[in-house]
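Biologist: Let us go through this model together slowly, one question at a time. Could you explain your terms as you use them?

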Amino acid sequence: MSDSSRAGGAHGADGADDSLRERWQEALIRARGGAPGPDPAPYAANLLARWAEPQRRYHTTAHLAAVLDHIDTLAGYAADPDAVRLAAWFHDAVYRPDRSENEERSAVLAERALPEAGVPDGVTAEVARLVRLTITHDPADGDTDGEVLCDADLAILAAAPREYAAYAAQVREEYGFVPDDAFREGRATVLSQLLGLPRLFRTPYGAKHWEPRARQNLQTELQLLSH
């Protein structure tokens, strides 16, 4: 991240960003395994600047914080919780609603930044793998790190109805360049595919606490799109 790691260093230092910086530093230092490395702060500044880009409405620092919170809830299921946390930081670090290669570009960013930040190659590879997994949200059986990240990323689907409605509205804003009819058709296809999955959530916690409400929310949104 040497080409741009200090970009955004003056980005708003409010309490939420300060908390996120602390969480980044803790995860990065643990991922280093005690080895020395460069100051984590410029990397956090770069990532937070990315997550605050103006084209974002849902995929913002609020989403990042929520995913990290959900990972904390699910951490006991993960083989390497800190790799999962670092993957959360990178999974939407590159986000352009009008492009389809966001996850790949985000993974490449992780592959470039994490070794420079002192993270071992094996952990870097796991983070990049997890970021790429968010293309499909379909971890293999036994991929506990993947299950935790995907469940944490999709947990918004199980939000209370008002929060879910706000999420759906924010997604529509991000795709404001798409005409209404085309958006409704595309969104309905996505929702139908999700409802067609045998399981939305793979961790025991997600299956128990999030699956029923998520399916109800998806069905409600799908019905609203058809009116």
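Biologist: Which helix gives the largest share of the lining of the largest pocket?
Modeller: This is a predicted model, in which local features need pLDDT of at least 70 and side-chain atom pairs 80 or more, while totals for chains, interfaces and linings use all residues. Residues are numbered from 1 along each chain, and side-chain values use heavy atoms, without hydrogens or water. For the largest pocket (on a 1 Å grid over the protein atoms alone, an open set of points where a 1.4 Å probe fits, with protein on both sides within 12 Å along at least five of seven lines; lining residues have an atom within 4 Å of a point), at least two lining residues come from each of H5 (102-116), H7 (144-154), H8 (161-174) and H9 (180-196). The largest share, six residues, is supplied by one helix (a DSSP run of H or I, at least four residues), namely H9.

Biologist: Which residues lie nearest the centre of the largest pocket?
Modeller: The lining of the largest pocket counts 33 residues in total. Nearest its centre lie Glu103, His137, Tyr175, Arg187 and Val190.

Biologist: What is the phi of His137?
Modeller: His137 belongs to the loop that runs between helix H6 (121-133) and H7. Most residues other than glycine have a negative phi. His137, although not a glycine, has a positive phi, near 50°.

Biologist: How many aromatic pairs does the structure hold, and what is the angle between the planes of Tyr164 and Tyr167?
Modeller: Rings of Phe, Tyr and Trp (its six-membered ring) pair if their centres lie within 6.5 Å, with planes under 30 degrees apart counted as stacked, over 60 as edge-to-face and the rest as tilted. The structure holds eight such pairs. The rings of Tyr164 and Tyr167 are paired edge-to-face, 5.3 Å apart from centre to centre, and the angle between their planes is 65°.

Biologist: Why are Tyr164 and Tyr167 separated by about one helical turn?
Modeller: Both residues are buried (under 20% relative accessible area, whereas exposed is over 50% and partly exposed in between, with a 1.4 Å probe and protein chains only), Tyr164 at 5% and Tyr167 at 10%. They are separated by about one helical turn because they are three residues apart in helix H8.

Biologist: Is Tyr205 buried or partly exposed?
Modeller: Tyr205 forms an edge-to-face pair with Trp210, at 5.4 Å centre to centre and 80° between the planes. Trp210 is buried, with a relative accessible area of 10%. Tyr205, with 28% relative accessible area, is partly exposed.

Biologist: Which residues form one aromatic cluster?
Modeller: This cluster consists of aromatic residues, two of which are Trp24 and Trp89. Completed by Phe90, the cluster is Trp24, Trp89 and Phe90.
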